[in-house]
Amino acid sequence: MSCESSICQVRATVMLYDDSSKRWVPSGSDSPALSRVHIYHNPSTHTFRVVGRKLQADQQVVINCPIIKGMKYNQATPNFHQWRDPKQVWGLNFSSKEDGATFSKAMTYALDAL
Ligand SMILES: CC(=O)N[C@@H](Cc1ccccc1Cl)C(=O)N1CCC[C@]12C=C[C@@H]1CC[C@@H](C(=O)N3CC[C@@H]4C=C[C@H]5[C@H](C)C[C@@H](C(=O)O)N5C(=O)[C@H]43)N1C2=O
């Protein structure tokens with residue numbers, strides 16, 4: 001993580017949409033646990049990515065997703081935002097509406113800066 005800086009950190013359960021079962025499943029090991037989710041900015045490569053780690057002891061990385069120029073960020077509800085990457089659909093179930101607002105402000109900033 002050379003010279004990357006965090007432009008926001010929120011708490012959310014990171015979800016992935018399972019097309020076959022048509023259900024949202026928590027990313028990482030099965031228990032849908034809260035994670036600390038950051039948006040990191042790398043000024044040298046002028047890139048941004050979403051990185052999330054479980055709050056519990058193992059700090060498992062549950063999302064490490066580049067923010068792609070032109071990506072559509074959908075605020076389905078105040079607490080549940082989502083976006084597509086080439087392979088899958090990510091969903092963040094925020095622990096509060098405020099965290100959702102914080103994250104969407106930083107995501108919008110990143111998308112505007114790309
Ligand atoms: C064109 C396009 O890609 N469109 C995407 C959305 C999008 C638009 C534009 C840019 C990018 C993206 Cl990604 C889309 O529509 N997609 C992406 C895959 C799934 C879905 C398709 C259909 C269903 C229908 C309903 C909704 C859904 O899933 N919603 C609604 C809120 C609600 C909130 C929380 C979660 C909760 C964690 C568990 C569960 C629960 O509440 O039990 N749940 C939900 O049910 C959650 N869908 C979708 O989001």
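**Ligand contacts, strand pairing and salt bridges**

In this predicted model, a polar side-chain atom of Q82 sits 2.8 Å from an oxygen atom of the ligand. W24 makes a similar approach, with a polar atom of its side chain 2.8 Å from a ligand oxygen. For R84, an N or O atom of the side chain comes to 2.6 Å from an oxygen atom of the ligand. As for cover, the protein takes up 50% of the 870 Å² of accessible area that the ligand has on its own. Two or more residues of the surrounding shell come from each of β1, β6 (73-77), β7 (80-84) and β8 (89-94). The biggest share belongs to β7, which puts 4 residues into the shell.

Looking at the shell as a whole, 13 residues surround the ligand, and W24, F80, Q82, R84 and V89 are the ones that come nearest. By residue type, the shell splits into 7 nonpolar, 4 polar and 2 charged residues.

Away from the ligand, strand β3 (residues 35-42) makes a handy reference point for the sheet pairing. β3 is mostly covered, with 7 of its 8 residues buried. On one side of the pairing list is strand β1 (residues 5-18), which runs antiparallel to β3 and is joined to it by 7 bridges. Within that pairing, C8 has I39 of β3 as its bridge partner. β3 also pairs with strand β4 (residues 47-54), again antiparallel, through 8 bridges. Here S35 is matched with K54 in β4. β3 and β4 together make a hairpin, with 4 residues between the two strands. In the turn, H46 has a positive phi of about 50°.

Turning to charged pairs, the model has 2 salt bridges. In one of them, the side chains of E4 and R49 meet with an N to O distance of 2.7 Å. Since E4 belongs to the segment before β1 and R49 to strand β4, this pair ties together parts that are 45 residues apart in sequence. The two partners differ in exposure class: E4 is buried, at a relative accessible area of 16%, while R49 counts as partly exposed at 22%. The cut-off for buried is under 20%, so E4 at 16% falls inside that class and R49 at 22% does not.

The other salt bridge links D19 with K22, whose closest N and O atoms are 3.8 Å apart. In this case both D19 and K22 are exposed.

Terms used
Residues numbered from 1 in each chain as written. Predicted model: local features only at pLDDT ≥ 70, side-chain atom pairs only at ≥ 80, totals over all residues. Heavy atoms only, no water. Buried < 20%, exposed > 50% of the residue type's maximum accessible area, 1.4 Å probe, protein only. Pairing = 2+ DSSP bridges. Near = heavy atom within 4 Å. Polar contact = N/O pair within 3.5 Å; in protein donor to acceptor, adjacent residues only side chain to side chain. Areas by Shrake-Rupley, 256 points an atom, 1.4 Å probe, with all protein chains shown as cover. Nonpolar A, V, L, I, M, F, W, Y, C, P; charged D, E, K, R; others polar. Salt bridge = Lys/Arg side-chain N within 4 Å of Asp/Glu carboxyl O.
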